[in-house]
Amino acid sequence: MARIQIAGGRPLDGTVEVSGAKNAVLPILMASLLTDQPCGLSGVPHLKDVTTTMELLGQMGVEISLGDCFRVEMCARELAGDTAPYELVKTMRASILVLGPLLARQGVAKVSLPGGCAIGARPVDLHLKGLKAMGADIHVDAGYIVARAERLKGARVVLDTATVTGTENIMMAATLADGTTVIDNAAQEPEVVDLAECLITMGADISGHGTNTITITGRQRLDGYDYKVLPDRIEAGTFLVAAAMTGGRVRTTNARPDTLDAVLGKLEEAGAEISIGEDWIELDMGGRRPKAVDVTTAPYPGFPTDMQAQFTALNAIAEGTGVVRETVFENRFMHVQELQRLGADIRLQGNAVIIRGVEKLTGAPLMATDLRASACLVLAGLVAEGMTIVDRVYHIDRGYENIEEKLRQLGADIRRLTR
Ligand code: UD1
């Protein structure tokens, strides 16, 4: 099983290109199920979750091929399947995103219930509630969600929680429904907006995306798309935190500063100098040690839960004491025990951690538990004295493209061990 080995202590310096946003790529790839016309997506990162999605779509009869320069071509001319099997769903919860498009296009879909998850219960009840409001008949049979509808009908859907993939599933389903759907308390994440923009290029009638009320009027059919995905704000944020922790200077290109307001604000509070252009962000720490910051996660435009672990690592070596509060997912602090093994002074208290920054961490073997937790362990390894080895890096490969190559390019002493 692959591991990542890091010799800590080098300040990062240089330029790194941000890849396409995983959380936008996955729903946009799934949107190819909505049409029998060819679709092409550019800027697709080479990630495990993308491969899993392609496998899933392939099983459903989508003709799919990889073009040049990170482009994926798809055509769901005729659908050959209606099932997202447990084997794929258990490795990638976002597989649930086939539910809305399949149901809208062919009137039937079967998706395995995701089951337990390392970062909490993560139910899908709101996805189902929305589709039921649109007239779908849904029941659970042998661990599978079985959904049927002759033709979905527009409805008003009020989400109890602003779920990201739930909003995406309902929005995709509504593009082919009969009449108008209004999603209230919709997620406002940039990835939801990117999906909406792509659906609009397919001829969908959508307005209000990026606000908490999205209105969709269904069409009889949609065209294909030729689209370029938005850059990954979490990957960009992760490199900037790495720069801040190591006292270095890093410029991220192909970045969208407007999607990172909450994160950049916290980095400035930590003492970083930030400059931005239209599509780049530069962070200069000037060799200083970061100051501890308090962070509370919240739906967009609040501070992203997907950056929580990285800021926990930053606070671990910062000057002062920081409190990191998690309000989106329960049980998303599995990285804490691993950071403690490096010498971090962290106390868990309910849904918060109190981190007293220490002068130095010391390298140790560590175990990654989920995607963002594994990124935080790599960041900690970059500043820990001596050698850190992060095991189970398949978690990191789900969401970060060539992370060790990109960090090496910035001057880190990091490599992948394949045995
Ligand atoms: C998406 C992102 C993930 C990110 C998360 C929150 C993708 C592929 N993944 O995950 O990286 O961490 O948003 O920004 O885009 N909830 C319910 N019932 C539901 C659905 C969700 O109670 O039916 C709750 C969840 O338990 C959680 C909250 O809503 O407490 C937000 O979850 P949600 O936005 O759905 O996360 P995902 O879409 O799974």
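This report covers the overall fold, one buried helix, one core residue, and the pockets and cavities of a predicted model.

## Basis

In this predicted model, local features need pLDDT of at least 70 and side-chain atom pairs count only at pLDDT 80 or more, while totals for chains, interfaces and linings use all residues. Residues are numbered from 1 along each chain as its sequence is written, and side-chain values use heavy atoms, with hydrogens and water left out.

## Overall fold

The chain holds 14 helices and 24 strands. Both are DSSP runs numbered from the N terminus: helices are H or I with at least four residues, strands are E with at least two. The radius of gyration is 21 Å, close to the 22 Å from the globule rule for 419 residues, so the chain is as compact as a globular protein of that length. That radius is taken over C-alpha atoms, and the rule is 2.2 Å times the number of residues to the power 0.38. The C-alpha trace spans about 65 × 45 × 40 Å along its principal axes.

Of the 419 residues, 57% count as buried. Buried means under 20% relative accessible area, exposed over 50%, and partly exposed in between (1.4 Å probe, protein chains only). The accessible surface comes to about 16200 Å², with 47% belonging to carbon and sulfur atoms. Areas come from the Shrake-Rupley method with a 1.4 Å probe; for residues, only the protein chains shown count as cover. Among contacts (heavy atoms within 4.5 Å) with a separation of 6 or more, 74% join residues 24 or more positions apart.

## Helix 10 and Val241

Helix 10 spans residues 308-316, and nine of its nine residues are buried. Among them are Gln310, Phe311 and Leu314.

Those three residues also touch Val241, a residue of helix 8. Val241 counts as buried because its relative accessibility is 0%. Beyond its neighbours within four places in sequence, its other contacts are Leu267, Met307 and Leu379. Arg332 lies 91 residues from Val241 in sequence and 19 Å away in space, C-alpha to C-alpha.

## Second largest pocket

The second largest pocket has about 280 Å³ of space. Of its 19 lining residues, Met245, Thr246, Gly247, Ile317 and Val383 are the closest to its centre. Helix 8 (233-246) and helix 12 (371-383) are the elements that give two or more residues to this lining. The lining divides into eight nonpolar, five polar and six charged residues. Here Ala, Val, Leu, Ile, Met, Phe, Trp, Tyr, Cys and Pro count as nonpolar, Asp, Glu, Lys and Arg as charged, and the others, Gly among them, as polar.

Pockets and cavities are found on a 1 Å grid over the protein atoms alone: a cavity is a set of points where a 1.4 Å probe fits but cannot get out, a pocket is an open set with protein on both sides within 12 Å along at least five of seven lines, and lining residues have an atom within 4 Å of a point. Points are joined across faces, edges and corners, and a volume is the space filled by probe spheres set on them.

## Cavities

The structure holds two cavities of 30 Å³ or more. The largest has a volume of about 40 Å³. Its lining includes Lys22, Glu191, Asp232, Arg233 and Arg372. Helix 1 (22-30) and helix 8 are the elements that give two or more residues to it. Six lining residues are charged, two nonpolar and one polar.

The second largest cavity has a volume of about 30 Å³. Ile6, Gly8, Arg10, Leu382 and Asp413 are among its lining residues. This lining has five nonpolar, two polar and two charged residues.
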